[in-house]
Structure formats: C-alpha cells, structure tokens
Amino acid sequence: AYRTDEGQPWVLPVVKKVEQMIANDNSLNHEYLPILGLPEFRANASRIALGDDSPAIKEKRVGSVQSLGGTGALRIGAEFLRRWYNGNNNTATPVYVSAPSWENHNSVFMDAGFKDIRTYHYWDAAKRGLDLKGLLSDMENAPEFSIFILHACAHNPTGTDPTPEQWKQIAAVMKLRNLFPFFDSAYQGFASGSLDKDAWAVRYFVSEGFELFCAQSFSKNFGLYNERVGNLTVVGKDADNVQRVLSQMEKIVRTTWSNPPSQGARIVATTLSSPQLFDEWYGNVKTMADRVLLMRSELRSRLEALGTPGTWNHITEQIGMFSFTGLNPKQVEYMVKEKHIYLMASGRINMCGLTTKNLDYVAKSIHEAVTKIQ
Amino acid sequence: SSWWSHVEMGPPDPILGVTEAYKRDTNSKKMNLGVGAYRDDNGKPYVLNCVRKAEAMIASKKMDKEYLPIGGLADFTRASAELALGENSEAFKSGRYVTVQGISGTGSLRIGANFLQRFFKASRDVYLPKPSWGNHTPIFRDAGMQLQAYRYYDPKTCSLDFSGAMDDISKIPEKSIILLHACAHNPTGVDPRQEQWKELAATVKKRNLLVYFDMAYQGFASGDINRDAWAVRYFIEQGINIVLSQSFAKNMGLYGERAGAFTVICSDADEAKRVESQLKILIRPMYSNPPVNGARIASMILNTPDLRKEWLTEVKGMADRIISMRTQLVSNLKKEGSSHNWQHITDQIGMFCFTGLKPDQVERLIKEFSVYMTKDGRISVAGVTSGNVGYLAHAIHQVTK
C-alpha cells in the first residue's frame with residue numbers, strides 16, 4: 001500500500017471529497033447493484049483502461065464486470081476461462097504465470113480449476129532485468145491456446161516491464177501461437193503517473209486484434225484498498241460475442257458474491273465521470289507516482305555516492321511500487337535482523353516505505369549488507 | 001473468428017425478468033411483488049436511521065482505507081457471532097468458533113460450500129429443502145458439491161410437510177450435509193415450530209448429519225432477533241456443531257454493501273484457529289479480503305448500545321409492517337368475498353409468501369392486473385403497502401373465485 005512521506009496511509013483528497021458528496025446525497029440508498037455492477041462504474045473503468053478513443057469501445061465489443069478488487073476480477077475471468085475458453089472444460093489448458101509473479105496468481109487459477117499452471121521466464125537475476133529471450137522462447141514452445149497472465153505495467157514483484165518494442169515482439173509470438181492474453185492491471189497511473197503510458201501494452205494488444213481480458217484494480221490508483229473496487233474488462237471480436245460472454249460471467253458472479261459492493265464503485269464512477277473530479281484525481285495519482293519516482297532516484301543516487309558495489313540503475317529503471325534490489329537472502333537477513341529494515345527474502349522492497357527521513361539509513365544499510373555479506 | 005463463438009447465451013434470471021416486465025408496464029396500479037428487498041409503506045427503499053447514524057459516526061472518525069484482514073473486520077465478525085449465537089452461548093464464550101466476514105449471504109454460503117468441498121470428505125451431498133432459495137443449488141454445485149432434497153413444503157396445505165420432512169431426513173445417509181433455513185424460509189415463508197425444530201435436531205443428530213444453517217433474516221422474521229435465532233442456538237446447545245451463513249442485507253438494509261459472515265462451530269478454540277487458517281486460504285484467491293463499508297456500519301450498530309437499541313426497534317418495525325400487510329391482505333380477501341382459506345398468508349413468516357396461486361392464475365394477475373410475481377406464486381410481502389393491499393386482494397380474488 002502507498003505511504004506518504006510521513007510513512008502514513010493516504011486517503012486521496014478527491015476520494016474524501018466524493019465520499020462527502022455521497023454522504024450528503026439523500027437520494028442514495030443501499031439497494032443491490034445489478035449482478036455485473038454499477039453501470040457508470042463499469043463503463044468508466046473500461047474506458048480508463050482502453051482509452052477514450054478506443055475503437056473497441058466505439059465498436060461496442062467491450063464488456064465489463066465490476067469485481068471485488070483486482071483479485072475478484074482475476075477470479076471471475078479465470079472461472080469463465082475454465083468453463084468456456086477452448087471447448088467447455090479447460091482444466092487441462094496450461095496457464096502461464098511469470099517467474100516470479102504475485103503469489104496469488106497461482107492460487108486464483110488453481111482454485112478456479114486449472115490443473116496445469118506453469119511459469120514463463122521473466123526475471124533475469126544475473127543482469128537484473130527482463131529475460132526477454134527466455135520469455136519469447138517459452139511462448140514459442142507453449143502449447144497452442146495456452147493462457148498467459150501478463151502484468152500490464154509495474155510488474156509485481158520485480159518492477160521490470162517490457163519496453164514497447166519488447167511488447168510488440170511478445171504480441172507477435174502470442175498471435176502466431178494463438179495464446180490468450182490475460183492482463184493484470186493493478187497500477188495504472190500509479191506506475192508512471194500517466195494513465196495512457198501505463199495502459200500502452202493493453203491498448204497495443206487490442207489494436208493488434210486480440211481478444212483479451214484485463215483485470216483492473218482501483219486499490220492503488222484510487223487508494224480504495226478496503227472497498228474492493230475492481231473491474232474485469234473483456235475485449236471481444238464483436239458485440240454479440242461479448243454479450244454472450246457477459247451473460248455467462250453473470251452466472252459465475254451470482255454464485256460467488258451475487259452482486260458487488262456499491263461504495264467504492266460509486267466513488268470511482270463519480271470521480272471518473274466528472275471532468276473536474278477526474279483532473280483532481282489525476283493530480284492525486286501523479287502525487288503518488290512522483291513520490292515513488294523520487295524515492296527511486298534518491299535511493300539510487302545515494303547508493304552510487306556511497307560507492308556501493310554493483311550497479312544500481314535498475315532502481316530507477318524499474319517501475320511501480322516494488323523493486324527487486326538484487327539483495328540475496330543472506331543480505332536480506334542482515335537488513336532485517338541487524339538494521340530492522342523489513343523486506344522480502346527475494347530482495348523485493350516496497351518503495352512506498354521509503355521517506356526523505358529514512359533514505360540515508362536505508363542506503364547505508366544496503367551498503368553495509370552488500371559489502372559485509374556475500 | 002472469436003474464442004467465444006460457442007459460448008451460449010445464459011438464461012435470463014427469472015426474478016430479474018419480473019422486474020424488467022414491471023418496469024415496462026404503464027399501468028398506474030402496477031405492483032412489483034418480485035422484489036427481494038424491503039420497502040416502506042410508500043413502496044420506497046428504506047435506509048434505517050441507525051444506519052445513517054452509524055455512517056455519520058464512521059465519517060467523523062476519518063479512517064483510512066487500508067486492507068482489512070482476509071477474515072474481515074474483527075469487531076464485525078465477533079459481533080455477528082454474538083448476534084447469532086447469543087451472548088450467553090457457551091460456544092461463543094469459550095471461543096470454540098470461527099467467524100469470517102463474507103460477501104453478504106451469497107458470499108458466506110459460497111465460502112462455506114468451498115470449505116466443505118475441501119475439508120468435509122465424508123460426503124459430497126448437500127440436502128436442500130424442497131423448495132429452497134434458487135441460488136442455493138448453483139452455489140453448491142459451483143463449489144463442487146452434489147445436490148439432494150428433502151420434502152419440506154406441502155402445496156396442498158401451503159404449510160410445512162413435517163412428516164414428509166422427518167421421513168426423508170431420517171433416511172439421509174449418515175454424514176451427509178443438510179441445509180436448513182434458520183427462519184423465514186425462502187421462498188415459502190414456512191418455518192417449523194419450536195417443537196418441530198426439537199424433533200428435527202434429534203433426528204439430524206441421530207443421522208450424524210453436518211448441519212448448515214442459512215440465516216438471512218434474523219430479526220426480520222418475527223421482529224425479535226433472539227426468537228429468530230432460536231433454532232440455531234438450540235441445535236448448538238444439543239451438541240450439534242453447525243456451520244452458519246449470516247446476511248445483514250435485509251435486517252440492516254445493507255443490501256448493496258454486502259455485509260455477511262460465515263461461522264464454523266468447532267470442538268475447541270484450537271480447532272477454530274486451524275479452521276480459520278484454511279478459510280483464509282480459500283478466501284484469498286477469491287477476492288483477497290472483504291469490503292469494509294457494510295461491515296463497519298454493521299459493527300458500529302451492533303457494538304454501540306444506543307445504535308443497537310435503535311436497530312432492534314427498526315428491525316421490529318420492518319417485521320411488524322410485513323406482518324400487518326399479511327393480516328390486511330387476508331382481511332381484504334375476506335371482504336372481497338373470497339371463500340378460500342388464506343390462513344397460510346398469516347401463518348407464513350418473513351419477506352416472502354407462497355400464495356398457492358397456480359401459474360395460469362399468476363399469468364392473469366400479471367396480464368390483467370399488472371401484479372408482478374414469480375410463476376411459483378411467490379410474492380414479496382415487502383412490496384405490499386396499505387395503499388395497494390386492497391387492489392392486490394381484489395386482483396387475487398378475481399383470479400381465484
């Protein structure tokens with residue numbers, strides 16, 4: 001979760017404003033939302049992902065399912081794919097998850113009934129970057145029709161994203177091999193500060209004619225973590241196909257949660273449909289993204305100034321909330337035990353935990369860990 | 001070509017279809033009796049005063065939006081358990097239970113169904129009353145369970161087929177799962193009397209069945225939360241370690257906020273901890289952690305003495321209005337000159353009433369009188385008001401005389 005420079009959670013000012021508006025609106029009640037969610041939320045959420053000028057939206061071949069956070073969107077998508085993707089029983093259809101990935105990806109697809117969950121090469125520990133060769137090779141060798149979970153931006157946990165050129169290569173192979181793109185977009189806007197930039201990959205795939213799913217989370221970019229606001233965007237060949245897909249997703253939703261929670265969706269819908277509130281929100285998002293970017297550059301410059309062994313450009317080249325520092329488990333243990341700095345055994349740090357007050361301490365500690373422990 | 005060419009159009013939801021047709025109808029006297037949500041005497045949605053107060057209190061606290069734990073808001077889950085079990089419950093006081101927050105009733109049922117699928121190895125069979133809430137079957141099926149049924153509703157008397165139920169239940173294979181509606185049976189409104197519950201408990205115990213209670217209407221049925229939870233508490237007192245799904249959609253009017261809970265009564269606190277850990281493992285890949293808003297409101301109400309008192313009054317108010325509509329419907333039918341026995345309308349309890357009307361009579365009600373209900377003759381009494389109960393009686397009489 002995002003933290004301010006004081007190390008505190010941050011409720012976005014625009015969210016506070018909109019919540020007050022909702023509280024003051026006596027015409028609102030707590031009635032059930034439709035099964036697929038609040039219509040204004042669904043349309044706006046998908047518009048954010050695909051872009052105002054999205055041809056897919058214009059051609060009415062986009063569907064949306066309001067979900068319980070990004071996780072809920074992934075689960076509905078996974079349940080649907082297991083029932084309907086390639087024939088009516090996809091328990092044996094391979095699902096590829098990046099190595100590494102968010103651990104819950106595995107569980108979501110497993111619990112949705114997929115029995116063959118594999119990894120695709122992603123993180124190159126030696127060069128501390130993307131293993132594009134390994135990734136493309138895995139795709140070329142994957143059984144036709146396999147499902148691939150792709151991180152739209154700000155890869156979790158490595159913070160390493162393909163460049164646009166690399167995305168183009170990925171898309172080309174996926175098209176050739178008839179692989180299904182399931183995007184996980186949890187950080188749109190939060191990563192670079194630009195909604196369009198962070199959605200480039202998803203939009204590129206759409207422009208290349210792919211049918212795809214995109215699980216969106218508004219936990220981070222709206223700071224609405226505990227309201228569970230997410231959206232599954234479905235892009236299909238045409239309106240008729242999308243309509244039938246949604247009708248089946250409705251059945252899946254009905255036995256999972258019946259209909260989604262209204263509070264968070266109302267906040268997002270109200271914000272996105274008002275030009276003024278949208279601008280305010282964009283500003284809040286940029287505030288968060290900029291702080292993280294600042295912490296990245298400040299950390300890197302300190303490590304380089306200290307002469308810490310190794311190269312540290314990956315700190316600023318990586319993007320989003322997380323960074324794979326490259327610290328090994330022993331060095332991590334040192335950080336935790338001796339310096340009381342908590343990070344994952346994988347060397348992943350949450351950049352949001354950095355503040356102007358603790359930058360020096362963290363940089364020195366990393367320096368110590370790297371020089372003392374091999 | 002599309003990946004989805006072979007995807008069939010899902011069947012339209014039968015209940016939604018009722019509301020759709022109702023919306024299209026231009027008759028000023030039209031009535032929507034399909035609605036599964038409470039309406040006040042003006043036919044409008046009702047936001048409880050205690051809910052508004054709780055919301056104001058919550059807003060003033062300026063809380064953050066950090067993720068809840070996977071199992072939900074602790075103050076909420078504890079209060080939910082206490083509400084269902086009773087504050088003097090040994091099971092509650094000893095801590096030999098686990099309660100996790102669920103996405104209202106459906107989500108709680110589904111967590112329970114998935115839990116049983118994974119950990120209840122003795123049987124795949126879940127026995128539902130005939131009839132039951134339409135969504136029970138697909139929930140359990142999607143969780144990987146099989147559905148069976150026991151006799152429950154007697155269409156000849158529009159009441160409980162107790163001997164049929166006892167007969168069927170006494171033959172259920174040991175260690176099967178039986179689902180019981182704690183109160184205000186949906187869709188029939190027919191509940192067992194306390195004496196009958198006692199016999200059911202004895203039989204269920206004898207057959208060594210796992211009891212799954214669905215309690216979606218505590219307080220909303222009789223107006224008394226303790227009375228409505230009587231069966232749940234009695235079973236536990238008899239040593240039956242039940243599992244329970246609760247919803248706060250109706251009794252707090254929190255429909256769209258999705259406040260609910262799933263509880264497992266365990267042998268001891270240690271078992272409860274182990275069960276809890278597994279429930280979390282099930283919840284995480286479904287939606288990670290639950291939504292805060294409804295749980296916070298419910299928790300504020302249950303844990304603030306003044307608000308709790310006000311809630312109990314309001315929930316009784318809703319239940320009383322429903323009961324009064326039942327009474328008025330029967331008296332109006334008599335006034336219309338109907339010679340049928342409509343006693344079941346006042347014998348039944350809760351939001352729904354199985355009128356006993358046949359499909360062709362229902363069709364006439366819809367077409368000729370713009371009175372909308374589901375084909376099985378179920379009406380939502382919540383949709384009846386003092387302003388339209390006379391018209392409803394008139395319409396029913398016309399199609400049944």
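**Exercise 1. Are α2(B) and α13(B) roughly parallel or roughly antiparallel to each other?**

Solution. The model is a predicted one.
- Step 1: Locate the helices. Helix α2 of chain B covers residues 49-61, and helix α13 of chain B covers residues 305-336.
- Step 2: Take the geometry. The two pack at an angle of about 155°, with their axes 8 Å apart.
- Step 3: Apply the cut-off. Angles over 145 degrees count as roughly antiparallel. α2(B) and α13(B) are therefore roughly antiparallel to each other.
- Step 4: List the contact. α2(B) brings Asn49(B), Cys50(B), Lys53(B), Ala54(B) and Met57(B). From α13(B) come Leu307(B), Glu310(B), Trp311(B) and Glu314(B).
- Step 5: Sort the residues by class. Five are nonpolar, one is polar and three are charged.

**Exercise 2. Describe how α4(A) and α11(B) pack.**

Solution.
- Step 1: Helix α4 of chain A spans residues 69-84, while helix α11 of chain B spans residues 269-287.
- Step 2: Their axes lie 5 Å apart, at an angle of about 85°.
- Step 3: Angles of 65 to 115 degrees count as roughly perpendicular. That class therefore holds for α4(A) and α11(B), which are roughly perpendicular to each other.
- Step 4: On the α4(A) side, the residues are Thr71(A), Gly72(A) and Arg75(A). They meet Arg284(B), Pro285(B), Met286(B) and Tyr287(B) of α11(B).
- Step 5: By class, this contact has three nonpolar, two polar and two charged residues.

**Exercise 3. Give the extent of the interface between chain B and chain A.**

Solution.
- Step 1: Count the residues. In chain B, 60 residues are in contact with 63 residues of chain A.
- Step 2: Take the area. About 5,100 Å² is buried between the chains, and carbon and sulfur atoms give 52% of that.
- Step 3: Find the top three contributors on chain B. Trp3(B), Trp4(B) and Lys65(B) supply 19% of the area that chain B buries against chain A, more than any other three residues.

**Exercise 4. Place strand β8(A) among its neighbours, β7(A) and β9(A).**

Solution.
- Step 1: Check burial. Six of the six residues of β8(A), residues 212-217, are buried, so the strand is largely enclosed by the rest of the structure.
- Step 2: Split the faces. Leu212(A), Cys214(A) and Gln216(A) are buried on one side, and Phe213(A), Ala215(A) and Ser217(A) on the other.
- Step 3: Pair with β7(A), residues 180-185. Four bridges join β7(A) to β8(A), and the two run parallel.
- Step 4: Pair with β9(A), residues 229-235. Here the sense is antiparallel, over six bridges.
- Step 5: Follow Gln216(A). Its bridge partner in β7(A) is Ser185(A). In β9(A), Gln216(A) stands opposite Asn231(A).

How values were computed:
Residues are numbered from 1 along each chain as its sequence is written. Chains are lettered from A and ligands numbered from 1 in the order in which they are written. This is a predicted model: local features need pLDDT of at least 70, side-chain atom pairs count only at pLDDT 80 or more; totals for chains, interfaces and linings use all residues. Side-chain values use heavy atoms; hydrogens and water are left out. Axes are lines fitted to C-alpha atoms, for helices over the stretch in contact, and angles run from 0 to 180 degrees between N-to-C directions. Angles under 35 degrees count as roughly parallel, over 145 as roughly antiparallel, 65 to 115 as roughly perpendicular and the rest as oblique. Contact means heavy atoms within 4.5 Å. Ala, Val, Leu, Ile, Met, Phe, Trp, Tyr, Cys and Pro count as nonpolar, Asp, Glu, Lys and Arg as charged, and the others, Gly among them, as polar. Buried means under 20% relative accessible area, exposed over 50%, partly exposed in between (1.4 Å probe, protein chains only). Two strands pair if DSSP finds at least two bridges between them. Buried area is the accessible area (1.4 Å probe) that two parts lose on being put together, summed over both.
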